[in-house]
Amino acid sequence: MDCLFCKIANDEIPADKVWENETCLAFRDIRPQAPSHVLVIPRLHVDSLWELEDVALAGALLDGAARVARAEGLEAGWRLIANTREHGGQEVAHLHLHVVGGKPLGRMLPG
Ligand code: AMP
Ligand code: ZN
């Protein structure tokens, strides 16, 4: 499968890794939207949150995101984003959680 994030997980494409364990890894977004912008992905390919059925993997990803936030020193606050499928604006079809912080992010949702 020709998947960018699988290639990063398999060390075929370089990335600025900040954390990893047996099931997940985290690396800096190449186009950061905030001082801290890290992507947390499963090592094994899952298209998006829509296809995620492995509850243990879901927990591992969330735990990874929280670990990254702490390692980045985001005690003032941060945001977790999972753009999902077309209407969610997902560009890379390998499940990834955005950990974003390091500045006030404002309100994202209307209302
Ligand atoms: P999205 O699928 O819209 O949730 O976002 C995909 C994210 O992947 C974007 O924020 C991109 O900047 C990021 N991205 C794309 N290619 C790379 C790469 N080679 N290394 C790190 N981040 C990347
Ligand atoms: Zn993949």
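What covers the buried residues of H2? In this predicted model, where local features need pLDDT of at least 70, side-chain atom pairs count only at pLDDT 80 or more and totals for chains, interfaces and linings use all residues, the cover includes strands S1, S2, S3, S4 and S5, contact being taken as heavy atoms within 4.5 Å. Residues are numbered from 1 along each chain as its sequence is written, chains are lettered from A and ligands numbered from 1 in the order in which they are written, and side-chain values use heavy atoms, with hydrogens and water left out.

Helices (H or I, at least four residues) and strands (E, at least two) are DSSP runs, numbered from the N terminus. The residues of H2 that are buried are Leu-57, Ala-60, Leu-61, Gly-64, Ala-65, Val-68 and Ala-69, where buried means under 20% relative accessible area, exposed over 50% and partly exposed in between, with a 1.4 Å probe and protein chains only. Ala-71, also placed in H2, is by contrast exposed, at 65% relative accessibility. The 17 residues of H2 should span 24 Å at 1.5 Å a residue, and its end C-alpha atoms are indeed 24 Å apart; the expected span is 1.5 Å times one less than the number of residues.

The helix leads on to the interior. A nonpolar core is a set of buried Ala, Val, Leu, Ile, Met, Phe, Trp, Tyr and Cys residues joined through side-chain atoms within 4.5 Å, and the largest one here has 17 residues, among which Val-40, Leu-61, Val-68 and Val-99 touch the most other members. At least two residues of this core come from each of strand S2 (24-28), strand S3 (36-42), helix H2 (55-71) and strand S5 (97-101), with H2 giving the most, six residues. If neighbours within four places in sequence are set aside, the contacts of Val-99 include Val-40, Ala-65, Val-68, Ala-69, Leu-74 and Trp-78. Separate from this is a second core of nine residues, which includes Cys-3, Ala-9, Leu-25 and Leu-39.

Cys-3 also belongs to a metal site. The protein donors of the zinc ion (ligand 2) are Cys-3 (SG), Cys-6 (SG), His-45 (ND1) and His-94 (ND1), at 2.0 to 2.3 Å from the ion; donors are N, O and S atoms within 2.8 Å of the metal (3.2 Å for Na, K and Ca), and since water is not among the atoms, sites may look incomplete. The angles among the four donor atoms run from 105 to 117°, and the site is tetrahedral, a label given to four donors if all angles lie between 85 and 135 degrees. Along the chain the donors follow the spacing C-x2-C-x38-H-x48-H. Because Cys-6 lies in helix H1 and His-45 in the loop between S3 and H2, this pair ties together parts that are 39 residues apart in sequence. Cys-3 is buried at 6% relative accessibility and Cys-6 at 13%, whereas His-45 is partly exposed at 24%.

Two loop residues deserve a look at their backbone. Most residues other than glycine have a negative phi. Asp-11, in the loop between helix H1 (4-9) and strand S1 (17-20), has a positive phi of about 60° although it is not a glycine, and it is exposed, with a relative accessible area of 57%. Arg-85, in the loop between strand S4 (78-81) and S5, likewise has a positive phi of about 60°, but counts as partly exposed at 42% relative accessibility.

Definitions and conventions
Four donors count as tetrahedral if all angles lie between 85 and 135 degrees; four count as square planar and six as octahedral if opposite donors are over 155 degrees apart and all others between 65 and 115; anything else is irregular.
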